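The following paragraphs lead the reader through a protein model, beginning with a single residue and its backbone geometry and then moving to other parts of the chain.

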Amino acid sequence: MKKRSNLKDPKSLHDTDKMKKQAGKKRTVEKKLPAGGQSSSGWSRRILKAFLGLCVVYVSVPVILRLFPGLLGHVLYSHIFRVPFLVDLSRPEDLSLNHTVNFYLTPEEGISLGVWHTVPDTQWREAQGKELAWYEESLKDGVPVIIYLHGNGGTRGVSHRVGLMNVLTAAGFHVLSLDYRGFAESTGVPSEAGLTTDALYLYEWVKARSGRSPVCLWGHSLGTGVATNAALKVQEQGRHVDAVVLEAPYTNIREEGANHPFGKIYWMFPGFDYFFLDTMALNNVIFPNDENLKTLNTRLLILHAEDDGIVPFHMSQTLFEIARQAQGSEQRVQMVPFSGSLGYKHNGIYKDARLPKIIWDFLRPLGA
């Protein structure tokens, strides 16, 4: 018998090696595939978790606001956002308001309000180095005095507010701007009644020192509700504010809340009125411009940009019709719209070159 040889055919060895290599590649591919699959599923899980997290936040916000209605007041007033940062408001000259005095008023015990008084540019040189007493005396010069009541968020030092002060003082007006209680360095906690008291106190302070100079309340955005509230309080005392300017006004805070960009995020949310609008009422936040204008009897000017994305332009149109019908006069109630093509939006009307003439034409009939 022939012995079997232990030697293998070279060709057979080559085929075996080739098969092993192919098997190795197959195992490598098989190992990689699960890893790729796990990576894809990991991303899917992360996206799903993020989506569920957003849903939880979306649902939680209205519930939390309803359980703790005071939080909605913080959202509405946004007074904790004290922009511009790192600015000493006691030094208005740092914002190029170098014909301005900073001072503080106390409308109630424990409440201190920061106020700026900027004199007309024509008095710039004379104002250098002067104390508060000189600024108080200057209010009697017969030039119209504008009390500026700003909107929510930030301080009297925000750029568009300073921009308006510069425009008005360059046009020859006195401007007094305050930060309501709880805003900037002013002490206290904001509320509708509190803001109205602050504006009314400053108005009376100015009237006691301005002689025959006309005094106008100018409200912007949230400040329009403060302005009409204060003007109505004066009227209820048997007097009248000389004039009121409403820049970007809303009909009332409930309707504004429903039309605000934040409100639009939730307008389809079940119980939107209950969780948001009714909660504002629980905070006694109404700012009823529409109701105020039904009885307010004073010269009124409404300014609004058609492209305002915060307060809808149609609200000014509604207020204009209410006021004109209530006062029965097209001379005492005026409205100036600004085309959307100008791009002024909510805060930019002060940029319009026509603004000084518009304000002078409105206030000049008051005389001095």
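Ser96 is exposed, with a relative accessible area of 53%. The structure is a predicted model, and this value, like the others below, is computed from it. Ser96 lies in the loop that runs between α2 and β1. Its phi is near 65 degrees, a positive value in a residue other than glycine. For context, most residues other than glycine have a negative phi, and most peptide bonds are trans.

A second serine shares this backbone feature. Ser221 has a positive phi of about 55 degrees, although it is not a glycine. Ser221 sits in the loop between β5 and α7, the latter spanning residues 222-236. Is Ser221 buried or exposed? At 8% relative accessibility, Ser221 counts as buried, because the limit for a buried residue is under 20% relative accessible area. Ser96, by contrast, is exposed at 53%, since exposed means over 50%.

The loop between α2 and β1 (100-105) also contains Pro84. A cis peptide bond joins Val83 to Pro84, with omega about 0 degrees.

Attention now turns to the N-terminal helices. UniProt, in an unreviewed entry, places the feature "transmembrane region" at residues 47-68. In the model, this span is 95% helix and 0% strand, and its end C-alpha atoms lie 31 Å apart. A nonpolar patch on the surface is formed by Val59, Val63, Ile64, Leu67, Phe68 and Leu71, which together have about 530 Å² of accessible area. Which helix gives the most to the nonpolar patch? Helix α1, residues 10-67, does so with four residues. Leu71 belongs to helix α2, residues 70-77. Leu71 is partly exposed, at a relative accessible area of 39%, and it therefore passes the requirement of over 30% that applies to patch residues.

Helix α13 offers a view of how one element is placed against others. Its buried residues are Leu355, Ile358, Ile359, Phe362 and Leu363. Seen down the axis of α13, these buried residues fall within an arc of 115 degrees, so they line one face of the helix. The general geometry is that an α-helix has 3.6 residues a turn, so residues three or four places apart point the same way. The cover over the buried residues of α13 includes the strands β3 (145-149), β5 (215-220), β6 (243-247), β7 (299-305) and β8 (333-338), together with helix α5 (159-170).

Helix α13 also takes part in charge pairing. The side chains of Lys357 and Asp361 meet in a salt bridge, with an N to O distance of 2.7 Å. Why are these two residues separated by about one helical turn? Lys357 and Asp361 are four residues apart in helix α13 (residues 355-363), and this spacing corresponds to about one turn. Lys357 is exposed, with a relative accessible area of 57%, whereas Asp361 is partly exposed at 37%. Asp361 also meets Arg364 in a salt bridge, in which the N to O distance is 3.4 Å.

How many salt bridges does the count come to? The count comes to 17 salt bridges. Another of them links Arg324 and Glu330, whose closest N and O atoms are 3.9 Å apart. This pair qualifies because a salt bridge requires the nitrogen to be within 4 Å of the carboxyl oxygen. Arg324 is partly exposed, with a relative accessible area of 27%, while Glu330 is exposed at 58%. Elsewhere, Arg91, Glu93 and Asp94 are linked in a network of salt bridges.

The final stop is Leu342, which is found in the loop between β8 and α13. Leu342 is partly exposed, with a relative accessible area of 39%. Leaving aside neighbours within four places in sequence, Leu342 is in contact with Asp352 and Arg354. Leu342 and Ala305 are 37 residues apart in sequence, and their C-alpha atoms are 8.5 Å apart in space.

How values were computed. Residues numbered from 1 in each chain as written. Predicted model: local features only at pLDDT ≥ 70, side-chain atom pairs only at ≥ 80, totals over all residues. Heavy atoms only, no water. Patch = residues over 30% accessible without salt bridge, like charges linked within 9 Å, V, L, I, M, F, W, Y side chains within 5 Å. Areas by Shrake-Rupley, 256 points an atom, 1.4 Å probe, with all protein chains shown as cover. Buried < 20%, exposed > 50% of the residue type's maximum accessible area, 1.4 Å probe, protein only. UniProt positions renumbered as here; feature names shortened; annotations may be inferred. Arc of directions from axis to C-beta. Contact = heavy atoms within 4.5 Å.
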